[in-house]
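User: Could you take me through the nonpolar interior of this protein, slowly enough for someone in a first year of study? I would like one connected account.

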Amino acid sequence: MKEIYLIRHGRQSSKLCNVDVSLDDAGREQAGLVADRLASYGLEALYASGLKRARETAEAIAEKTGLPVRCVESFHEIDFGELTGLSNEEIENRFGSFVSRRKKQESDLAYPGGENGQEVVARVWPDFKKICEASEKKVAIVTHGGVIRALCAFILHMPMKHKLQIAIDLENTSITEILYNEETGEFYLEGLNDYGHLADKPHLLRKNWKSSLISQESGGQKERGKNVHGTDDRDKRE
């Protein structure tokens, strides 16, 4: 079995929708903690999205593992289209109808001028499959919430419209483990959203930073004064 660890990037330094910014202080702390954890995994290859928040997280892992970071542009976040760079208030004012439709999860709805889940899989899959078929047996890929959810839904043969049901919040630097049987070509979701390295540091958890869109979609309440649109497909940022 090949072991593939999908790592969500550390916390970024902006709550605007999917802007390409560096990690903030908490994000750097998260990256250091996941790097310490992964140092004992025996990784043989390390890949990352080209976006700053993913690349910087991967660089922290590289320092602990001695592996070079291989950037794969196709692993970038879902394209939020016209929502990119907007604040929560701007999204609500300009795209309220889209937000309402999206909450119903009746289809794999694309962002206005952007992508949907199936399009993310179509973009990512060729490079992901190459990694699966390469010689390295233990691999880490630092990527984004939208990519992780879309890939998990795809390998589990879920309707893509239900991808938002994969974890209410994918924690920053959480580890999702996929096993690949090279003989049969089958994939197995072995672990999802494992953030044990953050367990005793509540200030690093997403619930103490912002409310996610998915919590609203499933009946949760928006937290007063917090921007719910960041970089997670559930919270509009992936």
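**A close look at the interior**

Analyst: This is a predicted model, and a good place to begin is C17, which counts as buried because its relative accessibility is 0%, under the 20% limit. C71, by contrast, has a relative accessible area of 42% and is therefore partly exposed. The count of disulfides comes to 0.

Turning to the interior as a whole, the largest nonpolar core has 40 residues, and within this core F128 and I141 have the most contacts. Two or more residues of this core come from each of the strands β1 (2-8), β2 (45-48), β4 (138-143) and β5 (175-180), and likewise from each of the helices α3 (88-103), α4 (117-133) and α5 (145-155). If we leave aside residues up to four places away in sequence, I141 touches I4, Y5, L6 and I7, and also Y47, F75, F128 and I131. Another core lies apart from this one and has 19 residues, including I7, L23, L46 and A60.

A60 also leads us to a pair of helices, since this residue of α2 is among those that meet α1. Helix α1 (residues 25-38) packs against helix α2 (residues 52-65) at an angle of about 35°, and their axes are 8 Å apart; the crossing is right-handed. On the α1 side the contact involves A31, G32, V34, A35, D36 and L38, while α2 contributes T57, A60, I61, K64 and T65. Sorted by character, the residues of this contact are 6 nonpolar, 3 polar and 2 charged.

Note on methods:
Residues numbered from 1 in each chain as written. Predicted model: local features only at pLDDT ≥ 70, side-chain atom pairs only at ≥ 80, totals over all residues. Heavy atoms only, no water. Axes fitted to C-alpha atoms, helices over the stretch in contact; angles between N-to-C directions. Helix = DSSP H or I, 4+ residues; strand = E, 2+ residues; numbered from the N terminus. Left-handed = near helix turned anticlockwise from the far one by under 90°. Contact = heavy atoms within 4.5 Å. Nonpolar A, V, L, I, M, F, W, Y, C, P; charged D, E, K, R; others polar. Disulfide = S-S within 2.5 Å. Buried < 20%, exposed > 50% of the residue type's maximum accessible area, 1.4 Å probe, protein only. Core = buried A, V, L, I, M, F, W, Y, C linked by side-chain atoms within 4.5 Å.
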